[in-house]
Amino acid sequence: MGMGTEKIMFPELWLPSNLEEARDIAIRVTPHFGWAAGTTLLRTQWEMGTAPMPRHLISLGQIPDLDTFLEESDRFRIGAFSKLKACADNEVVRNVFPLIGQAIDQISAPSIRNLATLGGNVASGVGDSIPALLVYGGSLQWMTEAGLIEKGLADWLEEWRLGKRDAHEFLTGIYVQIPDSESVANGRMIYFYRKIGRREAFTPSLVTIAFHGKLSKSGEWISLAMAAGGGSGTAMRLTHSENFVRRYPAKELSLTKLTEQIQAEFVTYSDAFASETYRKQTAANLFASELWKELR
Ligand SMILES: Cc1cc2nc3c(=O)[nH]c(=O)nc-3n(C[C@H](O)[C@H](O)[C@H](O)COP(=O)(O)OP(=O)(O)OC[C@H]3O[C@@H](n4cnc5c(N)ncnc54)[C@H](O)[C@@H]3O)c2cc1C
C-alpha cells in the first residue's frame, strides 16, 4: 500500500457497509490507504513510527457477517473481523481446534483481545495464531478486484515472504479443516502449541510452534502437521520434518535427529533479542520435548 511522504495526523475514515463498497473505495483512494480491523497493531506501529498513518483508513467493522462462525461439511469458517476473544470462546474452536484458542490466549492481554481480530492477526503476516492455523490446514478467503478468491495460508505466507502480497485485497474469512472423526476415534490425537517470549506473558514471541497429529493404535502416523514461526519472521509448515517423523513408527523416532532436521528446515532470523541459531534450537527443542512427553 502506498502512503506517500506527507505526514498524516488524522486519516480520512471510510466505513463501507459491504465487500464491494470496500473494494471500490480502495480502488478509488489507492495508493494512500490502509485496511483497519481492531487497529491494535496499527496504533502501536503509528506510535512507534514503524508504519506511517495512511491518508485513508478503510474500516471493515461495519460489514455484516465478517465476524461470524460457520461450520461447513468438512471445514470451519471464522470471519476475518471476529474478535480474538470471541474466537477463543467459540465452542467449535474450543472443542475441535484447541490450538487456535491456546495461541489466542497467549496474545497480549484481555483488553487487547476484546478489540483485536483474527483477520488482523493473520493479515499482519506475523501473528502468533498463524502456526496454529497452519497445522489445521488453514486457507484464507480474500476480496479481490475479481471478487472472492481462496488461497492456502502457506501459499499466502510465501507470497508475503517474497513481498508479492496485493495490498488492494482484504481478508474476509479464515478456513480450517475439521479433523476426520473416523480416524480420531481409531487413534490418538497429539497436539500442542508453544510460545516462547522474552518474558512469561504480555510479550512478543521469539518462537512459536504448533503440532497436530493422529497416531494409529499400532503407532503409525495417520496424519501430521508441524509449523513454526515467531517474532517478525514468517511462519511456515515444516514439511520435510513432517516427512522425517512419518518415516518411523512413533516409538522409534530419534528426537536427536528430528531436532537436526527441524534446525535445517526452519527459516528464521536474528535481531537484537535472539540469534537465528537460538530461534532454530528453541523451536527444535520445543518439538522434541513435547513429543518426548507424548510418546515415551
Ligand atoms: C500491547 C500489545 C501486545 C500484542 N501482543 C501480541 C502477541 O503477543 N501476539 C500477536 O500475534 N500479536 C500481538 N499484538 C499485535 C495485535 O494486537 C494482534 O496481531 C491483533 O490480532 C491484530 O488485530 P487487529 O484487528 O487489531 O489488526 P489491525 O491493527 O487493525 O491490523 C493489523 C494489520 O492487518 C491489516 N488488516 C487487518 N484486517 C485486515 C483484513 N481483513 N484484510 C487485510 N488486511 C487487514 C491492517 O491493515 C494492518 O496492517 C499485540 C499488540 C499490542 C498493542
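A pocket is taken here as an open set of points on a 1 Å grid over the protein atoms alone, with protein on both sides within 12 Å along at least five of seven lines, whereas a cavity is a set of points where a 1.4 Å probe fits but cannot get out; lining residues have an atom within 4 Å of a point. The structure is a predicted model, in which local features need pLDDT of at least 70 and side-chain atom pairs count only at pLDDT 80 or more, while totals for chains, interfaces and linings use all residues. Residues are numbered from 1 along each chain as its sequence is written, and side-chain values use heavy atoms, with hydrogens and water left out.

By the pocket rule, the second largest pocket is lined by Val135, Tyr136, Gly137, Gln177, Ile178, Pro179, His212, Lys214, Ser223, Leu224, Ala225 and Arg237. Its volume, the space filled by probe spheres set on grid points that are joined across faces, edges and corners, is about 170 Å³. Strands β10 (205-216) and β11 (221-230) each contribute at least two residues to this lining, and β11 gives the most, with three; strands (E, at least two residues) and helices (H or I, at least four) are DSSP runs numbered from the N terminus. The lining comprises six nonpolar, four polar and two charged residues, where Ala, Val, Leu, Ile, Met, Phe, Trp, Tyr, Cys and Pro count as nonpolar, Asp, Glu, Lys and Arg as charged, and the others, Gly among them, as polar.

One cavity of 30 Å³ or more is counted, and the largest cavity holds about 40 Å³ of space. Its lining consists of Val126, Gly127, Asp128, Pro131, Thr208, Gly229, Gly230, Gly231, Gly233 and Ala235, to which β11 and β12 (233-237) each supply at least two residues. By class, this lining divides into three nonpolar, six polar and one charged residue.

The ligand is surrounded by 29 residues, of which Trp35, Gly38, Thr40, Thr117 and Leu171 come nearest, a residue being near if one of its heavy atoms lies within 4 Å of the molecule. Polar contacts are pairs of N or O atoms within 3.5 Å; within protein, one must be able to donate a hydrogen and the other to accept it, and residues adjacent in sequence count only if both atoms are side-chain atoms. An N or O atom in the side chain of threonine 40 is placed 2.6 Å from an oxygen atom of the ligand, and backbone N or O atoms of leucine 42 and aspartate 128 lie 3.0 Å and 2.8 Å, respectively, from a ligand oxygen atom. Taken alone, the ligand exposes 980 Å², of which the protein buries 88%, as given by the Shrake-Rupley method with a 1.4 Å probe; for residues, only the protein chains shown count as cover. Helix α2 (40-48) is among the elements that supply at least two residues of the shell, and α2 gives the most, with four residues. The shell contains 14 nonpolar, 12 polar and three charged residues.

Turning to backbone geometry, the peptide bond from threonine 30 to proline 31 is cis, with omega near 10°, and proline 31 is found in the loop between α1 (19-29) and β2. Threonine 39, in the loop between β2 and α2, has a positive phi near 60° although the residue is not glycine.
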